[in-house]
Amino acid sequence: MVRRVREIIAMIFFAVFSSATGLTPPYWNRGAAASCSPCLSWRLAAEVNNVEPWRTVPAHCFSCIGAYITGGQYQHDLRFVVEQILSYADGIPVAGDGFDAWILDVDDTCISNVDYYKVKRYGCEPYDPAAFRSWAMEGACPAIQSVAELFTTLIGSGFKVFLITGRDEETLGQVTIENLHREGFVGYERIILRSAAERGRSAVEFKTEMRRRLVEQGYRIWGNVGDQWSDLQGQFVGNRTFKLPNPMYFVP
């Protein structure tokens, strides 16, 4: 009993210390790590697109996925990918003719829906279109800071940045633009939302068509960034694609 109390006190001390120093690992001890091993394997398979399509996060992975998202590793992973993007972008010779382009997705690429998915047990509950629409209508999605910094760097380097999102233009267009602007996404070339004519198309079909139009207008797509594989599949995907982590949901 005394030993267990000491372990608990040590864990609390380590948690406080980790939070103060920025060291916030998602799992506190070997036992927790071992119990999460199957879910870590599932998350890896989901991220590399080996279990698609999937409808929900496995119910038994709720705690493990939640720990990944809130415990620091998710932010570290985002930052790592952005560092790779910046390294690549730094070597691109920008022509200065206004046609060097980058494409960014919006949801869980530029702005975060983590607060919404906490309520939905980090994706263990099925997608609820009405509930998500109500959430998005609040216009309160915070920026993903590492991507916001990437966005600013791309703009400052002379790239034309296009935001392409499956959000409905009619119902969510204005609130999405205002949300993005409040979070510092200012100066992009164009935001492209799903119009009434594009409803019913899969994300791959919709985004392929939007990219095709840009290429036909003369834009050179140097990079394409998204949290879903459907952001990066299809045609006209660009010179390089970069997948951000997101184990909470799958968009076909």
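Here are four short exercises on the predicted model above, each with a worked solution.

Before you start: residues are numbered from 1 along each chain as its sequence is written. Since the model is predicted, local features need pLDDT of at least 70, side-chain atom pairs count only at pLDDT 80 or more, totals for chains, interfaces and linings use all residues, and side-chain values use heavy atoms, with hydrogens and water left out.

**Exercise 1. Get an overview of the chain: how many helices and strands does the secondary structure come to?**

- Helices (H or I, at least four residues) and strands (E, at least two) are DSSP runs, numbered from the N terminus.
- On that basis you get nine helices and five strands.
- Walk along from the N terminus and the order reads α-α-α-α-β-α-α-α-β-α-β-α-β-β.
- Now for burial: 46% of the 252 residues are buried, that is, under 20% relative accessible area with a 1.4 Å probe and protein chains only.
- Finish with contacts (heavy atoms within 4.5 Å). Of those with a separation of 6 or more, 71% come from residues 24 or more positions apart.

**Exercise 2. Place strand E2: which strands is E2 joined to by bridges?**

- Two strands pair if DSSP finds at least two bridges between them.
- On one hand, E1 (residues 100-104) is joined to E2 by four bridges, and the two run parallel. Ala 101 has Lys 160 as its bridge partner in E2.
- On the other hand, four bridges link E2 to E3 (residues 190-194), again parallel. Here Asp 168 sits opposite Arg 194 of E3.
- Next, check burial: seven of the nine residues of E2 (residues 160-168) are buried, so the strand is largely enclosed by the rest of the structure.
- Last, trace the path onward: E2, helix H8 (residues 169-182) and E3 form a right-handed β-α-β unit. Right-handed means that, with the strands pointing away from the viewer, the path from the first strand over the helix to the second runs clockwise.

**Exercise 3. Look at helix H3: which of its residues are buried?**

- Find H3 at residues 62-70.
- Cys 64, Ile 65, Gly 66, Ala 67, Tyr 68 and Ile 69 are the buried ones.
- Step just past the end of H3 and you meet Gly 72, with a positive phi of about 115°.

**Exercise 4. Sort the lining of the largest cavity: how many residues fall in each class?**

- List the lining: Ala 46, Glu 47, Trp 54, Asp 227, Gln 228, Trp 229, Lys 243, Asn 246, Pro 247, Tyr 249 and Phe 250.
- Sort them, and you have six nonpolar, two polar and three charged residues.

Key
Buried < 20%, exposed > 50% of the residue type's maximum accessible area, 1.4 Å probe, protein only. 1 Å grid on protein atoms, 1.4 Å probe; cavity = no way out; pocket = protein on both sides within 12 Å on 5 of 7 lines; lining within 4 Å. Nonpolar A, V, L, I, M, F, W, Y, C, P; charged D, E, K, R; others polar.
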